[in-house]
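User: Please take a close look at one single residue of this model and explain its surroundings. I would then like to see how the part that holds this residue fits into the rest of the chain.

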Amino acid sequence: MSDEEVIVEYVYEYWDCPKCGSKGIRGDIRQCGSCGNPRDNDIVFYRKAEEELISDKKMAEELASGADWSCSFCETLNSHLSKQCRSCGNIRDTSDLNYFEIQKQKSKKQSSEQKLLKLNKFIKRILIGALTGLGTCTIALGSFICWGVQNHDVKYKVLSAHWEREILVDRYQQLSKEDWKDSLKGDDIQILSENNEVRKYESRQIGTKIESYTDSESYQSGTTRECSTSYSSTGSGASKKTTSCSTVPVYSTRNVQRTRTVPVYKNFPVYDTKVKYHANEYAFFQSHKTSGDDNQPKWADFSLGEGLKNKPDKENSRKEKYQVKIKKVEAEDKGPVEADYQVKNADRFSNVFKIGKIVVLKVSNFDALQKDEDE
Ligand SMILES: [Zn+2]
Ligand SMILES: [Zn+2]
């Protein structure tokens, strides 16, 4: 954006003495005030949250001139402007590393060490996770299943029995029916009457109309000044602080009324022919029921007749139901004292649930009788 302004300043960095533990020594100081140790390869420059501008122009120029160089003989860090080590007098050589190159070397060594450490931790975690995870999971699941689904065997006495059976028979016969003309069913159809009726409604567009609605739009409501600050270390105890400011637009949203054309629909009835008719079809004719209060269920004894055009009757389906009244034998057992109990099939009803006999049934922890199953 327009209106850009860039301000460059220098702020002090700090370092800690690794020999005596003295903290926050300002970047323009080259020797620890407590123990006299010169700053060397072991130190790291850092900024403080509360920064101090370098107001002395000469000092700013010196600390901005370049990174400290490391003496290859005694590892002391020296000013970019001096040609001789301040500790041992060694003359600077073109192969001497500077502060940044020393840091890079240190971090390379560190990161390869860290990688190894991380890998070790990772493997350990997987092993421990696998062991404890599996363990608790099985234990938790195991005990839950044991508790939730455990059934008790409880003795019951059969007090009484009741069975019901039914056979449904269809016969070919003439029926009075009513359907839409395209879906008549049956044989020998005789139409009695036809009538025009509404079968469904269809929505059709009959025109358009203009309606108004509220929309929101974005617009520039003003401007604001935005600044960003970045730091870069000089490698000699200072940071170059660059502040860039520019004017940027501010946007807001507002409601506006607009109009649009929309279709208008109307429902129209669709007519079709409804037919009253006679037709021949198999349909329910009669049911043959039997029932009893013993353990010997029987199907009704009957013979199939015939319907229209000598077509034989057809058995449609059979229904059966077997039920006993039971009473718990041991009062202290789980389960209801007395119950009406559905028996699964005729075979079990006749052979297992005989009146007066004792049966062993499954009862859950929640006192519920379980459904009758084959053994
Ligand atoms: Zn010190
Ligand atoms: Zn030296």
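Analyst: Leaving aside the neighbours within four places in sequence, Lys266 is in contact with Arg204 and Ile206; two residues are in contact if their C-beta atoms, placed from the backbone, lie within 7 Å. The model is a predicted one, in which local features need pLDDT of at least 70 and side-chain atom pairs count only at pLDDT 80 or more, while totals for chains, interfaces and linings use all residues. Residues are numbered from 1 along each chain as its sequence is written, and chains are lettered from A and ligands numbered from 1 in the order in which they are written.

Lys266 counts as exposed because it has 11 C-beta neighbours inside 10 Å. On this scale, 12 or fewer other C-beta atoms within 10 Å make a residue exposed, 20 or more make it buried, and values in between make it partly exposed, with C-beta atoms placed from the backbone.

The residue belongs to strand 8, which covers residues 238-292. Strands (E, at least two residues) and helices (H or I, at least four) are DSSP runs, numbered from the N terminus. Strand 8 runs antiparallel to strand 6, and 18 bridges join the two; strands pair if DSSP finds at least two bridges between them. One pair of bridge partners is Asp170 and Phe284, the latter in strand 8.

Strand 6 (residues 151-180) also has seven bridges to strand 11 (residues 358-364), again in antiparallel order. There, Lys155 has Val360 of strand 11 as its bridge partner. A further 14 bridges link strand 6 to strand 9 (residues 314-328), likewise antiparallel. Trp163 faces Tyr322 of strand 9.

The wider setting is given by the domains, whose bounds come from an automatic or database assignment: domain 1 (10-97), domain 2 (155-167 + 289-302 + 313-364) and domain 3 (170-283). The C-alpha centres of domain 1 and domain 3 are 72 Å apart. Their contact takes 16 residues from domain 1 and ten residues from domain 3. On the domain 1 side, strand 1 (5-12) and helix 1 (57-64) are the elements that give two or more residues, and strand 1 supplies the largest share, three residues.

Finally, Lys266 lies 84 Å from Glu61, C-alpha to C-alpha, with their positions 205 residues apart in sequence.
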